[in-house]
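Biologist: I am new to this structure and should like to understand the terms used to describe it. Please justify each of them in turn.

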Amino acid sequence: MVLFGYILFVNREYQYSFINQDIIGNLLNFLASQIIVYFIFYLTNGRMKQQQLYYEQIQQSERIKTSGQLAAAVAHEIRNPLTVVKGFLQLHEKDNSFSADRKRHFTLMIDELNMAEEVISQFLTMAKPDQEKITEIVDIKIVLQSVTDLLHSYGHLHDNRIELKVIGDCTISANIIELKQLLINIIKNAIEASNYGDLVIVKAEREKGFVVIKVIDHGRGMSEEEVKSLGTPFYSLKSKGTGLGLMICFNIVEKYNGRIEFKSLKDHGTTTLVRFPYCDRAKAKYKRNLQK
Ligand code: ADP
Ligand code: MG
């Protein structure tokens, strides 16, 4: 515009006479080229953003792969010594040369070791071979009902109530145990982030070809940086946290072609969205029959 102004009012006819001759045409020409440049910029920018998203996804899956390998290593390193110690303790427990008081200590130790074994096996579910996990058609409503029933008493510790709402037919294809593990982890995190007396809302509904599960809390929330770190092994801001829960969740979601997303605002709360492809029960049955 400055250039056109200069030619029109200052330079007059001395130079650029061709522009002066057809000022409107030239102006239109100029505007059209600007629009084309903007269009090219817009397309390139979109491409770049897509590339960046793709790169972030690759990074994430790389992180998940590393944690899987880490899990397998931990299995061998910790489970074996635990089993040996437990075996000896069980022997001593039956040995009559120990007093009843000592034996009670042994029982306690065995209980604690059982607990440790439980934690490890939970953590190691992702290192297990896939053959052990049967994929079936699961009704999200039933799974959510049993998971929220299980977590009700956990919520009561800080007076947090869980409200469940499932709309429509929400069925997906997944392994039910893994799915429960995923939902327990997410709802537990929501309860742990909530303030005393807060409500945690768990919703499920169909959205186009997907089943969307939303876990909403009004707790401490997270900054953008914190959200980016989610899923990193051992990333935890809790004094007694393991930082493994979400890593397992990311793994499970990816396995069933789902997506997990966090919408969070510091001090206001978090909504965790999990999206799985919808699986029509009748269609799946028909397909299975065809395969037989
Ligand atoms: P852990 O629960 O053992 O700390 P997780 O992997 O489940 O490990 O979670 C990692 C971290 O992510 C938590 O320590 C917490 O800081 C953050 N986080 C997860 N869910 C939420 C939530 N709903 N609200 C606020 N922070 C959360
Ligand atoms: Mg957790």
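**Reasons behind the terms**

Modeller: Asp267 is exposed, its relative accessible area being 59%. The model is a predicted one.

Biologist: Why is Asp267 called exposed?

Modeller: The term applies over 50% relative accessible area, and Asp267 has 59%, so Asp267 counts as exposed. Asp267 lies in the loop between strand 6 (259-265) and strand 7 (269-277). Phi of Asp267 is near 65 degrees, a positive value in a residue other than glycine.

Biologist: Why is Asp159 called partly exposed?

Modeller: Partly exposed covers the range between under 20% and over 50%. Asp159 has 43% relative accessibility and therefore counts as partly exposed. Asp159 is found in the loop between helix 5 and strand 2 (161-166), and phi of Asp159 is near 60 degrees, again a positive value in a residue other than glycine.

Biologist: Why are helix 5 and helix 6 called oblique to each other?

Modeller: Their axes come within 10 Å and cross at roughly 40 degrees. Angles under 35 degrees count as roughly parallel, and 65 to 115 as roughly perpendicular; helix 5 and helix 6 are therefore oblique. The crossing of helix 5 and helix 6 is right-handed. By class, the contact of helix 5 with helix 6 has 13 nonpolar, three polar and three charged residues.

Biologist: Which residues touch the most other members of the largest nonpolar core?

Modeller: Of its 38 residues, these are Ile140, Leu179 and Leu182. Helix 6 (residues 176-193) supplies the largest share of this core, seven residues.

Key
Residues numbered from 1 in each chain as written. Chains lettered and ligands numbered in written order. Predicted model: local features only at pLDDT ≥ 70, side-chain atom pairs only at ≥ 80, totals over all residues. Heavy atoms only, no water. Core = buried A, V, L, I, M, F, W, Y, C linked by side-chain atoms within 4.5 Å. Buried < 20%, exposed > 50% of the residue type's maximum accessible area, 1.4 Å probe, protein only. Helix = DSSP H or I, 4+ residues; strand = E, 2+ residues; numbered from the N terminus. Axes fitted to C-alpha atoms, helices over the stretch in contact; angles between N-to-C directions. Parallel < 35°, antiparallel > 145°, perpendicular 65-115°, else oblique. Left-handed = near helix turned anticlockwise from the far one by under 90°. Nonpolar A, V, L, I, M, F, W, Y, C, P; charged D, E, K, R; others polar.
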